[in-house]
Amino acid sequence: MLLLKDRGFVHPIASEITSQAVFTTRRRWLAAMGAVAAWGPRVAWPQAAITANGAALPGARSTVPGALTMEKPTPSADASTYNNFYEFGTDKSDPAQHAHTLKTRPWTVSIEGEVKKPATFGIDELLKLSAMEERVYRLRCVEGWSMVIPWVGYSLSELLRKVEPTGNAKYVQFVTLADRAQMPGLRSSVLDWPYLEGLRIDEAMHPLAMLAFGMYGQVLPNQNGAPLRLVVPWKYGFKSGKSLVKIRLVEQQPATSWSLAAPQEYGFYSNVNPKVDHPRWSQASERRIGEVDLFAKKHPTLMFNGYESQVGSMYAGMDLKKWF
Amino acid sequence: MVLSAVSRAFLQSVVAHRATKPTLFVLALLPLAALIAGVVNHTLGPNPAETLIRSLGDWTLRLLCLTLAITPLRQWTGLSTLARLRRMLGLFTAFYALMHFSAYAVFDMELVWADIVRDVAKRPFILVGTTAFVLMLPLAATSFNRAIRWLGAARWQRLHHAVYAIAMLAILHFFWMRAGKRNFGEVAVYAAIVAVLLGWRLYKASKGTRYFMKLGSHSAKG
């Protein structure tokens with residue numbers, strides 16, 4: 001069906017959500033199509049990780065303003081098989097196929113730098129550090145696609161407050177796991193490992209900036225950044241580091257992997273902004289993953305990914321073309 | 001050269017068989033059929049538009065390599081009947097290029113021509129791919145026998161040498177497309193194939209073989 005008119009977002013109705021039975025039937029079709037699928041490597045997609053058997057991780061509905069979009073969530077099967085996690089390969093289907101080698105326990109996250117109480121937290125401590133909330137965020141990838149994902153976790157500020165940042169803590173750097181034994185993608189030189197990301201301290205303390213431990217009511221699948229990841233919904237997806245191992249509070253703007261690799265293409269801020277094109281492509285619209293209708297119209301990309309009223313004031317007076 | 005006289009005679013008759021061309025025609029349509037089946041059954045993954053666009057690009061490149069392989073294969077093996085298949089492979093290359101471009105125009109750009117023009121100008125890899133596609137059009141349009149007569153064999157031949165530029169542009173298009181992730185494994189494979197196929201022609205040309213001219217005048221006699 002060719003939709004000639006953008007009808008904005010549509011509230012999901014129960015009948016619109018793919019039922020387990022239909023989903024299973026489709027998977028059976030997928031298996032039946034195996035012979036045909038062999039025609040091209042990209043046609044074969046891995047099985048979904050979110051299934052009825054996953055470990056539950058419930059969260060109470062978040063009360064943080066803007067944390068619960070009413071848009072229809074992306075099917076969990078898509079969100080867990082279409083991933084950018086280069087530590088497990090650069091194809092979108094690679095992480096779901098290869099991330100089973102990631103060991104998520106034991107796991108520690110150390111917090112250091114400009115803090116009064118530097119500490120190393122075990123994953124079980126982190127899981128209990130604050131009440132788990134469910135937050136339904138839009139996720140906009142810099143490549144021009146987007147999803148709507150129900151995450152489970154809490155505000156990053158809850159953790160940062162525990163270690164008491166000093167007055168010199170102007171920025172936060174996030175260091176993610178880089179272990180050749182567990183991550184086959186590290187053999188490639190796509191990026192310098194470990195993957196580094198960063199935020200300004202006020203961004204990191206914003207209640208929408210989130211530490212996620214789960215999605216769709218379950219523990220995070222490995223390929224989505226288990227056992228814990230950052231989710232910063234108003235920035236392009238790559239700002240949200242996966243499988244975090246270290247958080248450093250620092251005085252100077254920290255190095256981030258993509259701006260080291262291609263400084264003219266990826267800035268430190270990387271706020272979602274339809275008016276600032278990526279040098280390689282326009283950022284004005286996005287394709288919503290999970291809309292099976294091939295002719296579904298692309299969605300217009302929103303300023304700060306639709307979180308302008310919550311986060312816009314942090315960038316008041318900044319030239320966002322310069323600080324892209 | 002590489003083949004014994006008996007096996008060459010047998011393969012010659014296979015290639016010349018009247019069922020060979022229809023079989024090749026059907027085979028060349030299978031990738032498209034599989035993609036359409038994938039669209040219908042929702043088996044193209046979470047981003048079917050992207051899978052469709054990229055797979056059509058892959059098949060364009062594969063068919064281009066096959067088309068370019070005909071002449072060297074014929075020279076290496078002495079299977080002169082292979083020449084019968086070249087036009088069909090060339091036309092299928094152009095057909096998949098058209099499908100690839102159309103899928104991009106429809107699914108990525110939603111047929112907004114102003115956006116397409118801006119996108120072609122803005123993104124070098126799109127510009128290079130579009131150039132390769134546009135260069136294919138006169139070749140496809142002059143693929144029939146009478147066009148050779150109208151143009152004259154020499155001019156027709158010169159026009160169709162554009163396929164070498166098309167091949168290099170196609171590789172550059174693929175290279176730039178993958179540059180974002182520095183994922184050059186597959187690019188290297190196709191680049192090596194094209195390098196061998198074009199390098200062989202350069203080598204032949206440097207030895208002063210007038211193979212292409214002979215072929216041209218032969219076809220023109222029709």
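**Exercise 1. Find how strand 4 of chain A is covered and paired.**

*Solution.* Start with burial: strand 4 of chain A (residues 133–140) is mostly covered, with 7 of its 8 residues buried. Here a residue is buried if 20 or more other C-beta atoms, placed from the backbone, lie within 10 Å of its own, exposed if 12 or fewer do, and partly exposed in between. Strands are DSSP runs of E with at least two residues, helices are runs of H or I with at least four, and both are numbered from the N terminus.

A word on the model before going on: it is predicted, so local features need pLDDT of at least 70 and side-chain atom pairs count only at pLDDT 80 or more, while totals for chains, interfaces and linings use all residues. Residues are numbered from 1 along each chain as its sequence is written, and chains are lettered from A and ligands numbered from 1 in the order in which they are written.

Next, look at the neighbours; two strands pair if DSSP finds at least two bridges between them. Strand 1 (residues 60–61) of chain A runs parallel to strand 4 of chain A and is joined to it by 2 bridges. In this pair, Arg61(A) stands opposite Glu134(A). Strand 5 of chain A runs antiparallel to strand 4 of chain A, with 8 bridges, and Arg135(A) has Trp151(A) as its bridge partner there.

Finally, inspect the turn. Strands 4 and 5 of chain A form a hairpin with 4 residues between them, and Gly144(A) in the turn has a positive phi of about 100 degrees.

**Exercise 2. Trace the nonpolar cores.**

*Solution.* A nonpolar core is a set of buried Ala, Val, Leu, Ile, Met, Phe, Trp, Tyr and Cys residues joined through C-beta atoms within 7 Å. The largest one has 61 residues, and Trp151(A) and Met210(A) are among those that touch the most other members. Strand 5 (residues 145–155) of chain A gives the most to this core, 7 residues.

Now zoom in on Met210(A). Leaving aside residues up to four places away in sequence, Met210(A) touches residues including Arg135(A), Trp151(A), Leu156(A) and Val231(A). A contact means C-beta atoms, placed from the backbone, within 7 Å.

A second, separate core has 37 residues, including Leu52(B), Leu66(B), Leu68(B) and Val194(B).

**Exercise 3. Which strands stand at the edges of the open sheet in chain A?**

*Solution.* First read the order: 5 strands of chain A run 3-2-11-6-7, with mixed pairing. Strand 3 (119–122) and strand 7 (196–200) of chain A are at the edges, each with a single partner strand, so one side of each is left without a neighbour in the sheet.

Then check one edge pair. Strand 6 (residues 171–176) of chain A runs antiparallel to strand 7 of chain A, with 5 bridges, and Val172(A) stands opposite Leu199(A).

**Exercise 4. Describe chain B and its side of the contact with chain A.**

*Solution.* Begin with the elements: chain B has 11 helices and 0 strands. Its C-alpha atoms fill a box of roughly 50 × 35 × 35 Å along the principal axes, and buried residues make up 29% of its 222 residues.

Turn to the contact, which takes 27 residues from chain B and 29 residues from chain A. Helix 2 (20–41) and helix 3 (48–77) of chain B each supply at least two residues of chain B's side. The largest share, 7 residues, comes from helix 2 of chain B.

Definitions and conventions. Two residues are in contact if their C-beta atoms, placed from the backbone, lie within 7 Å.
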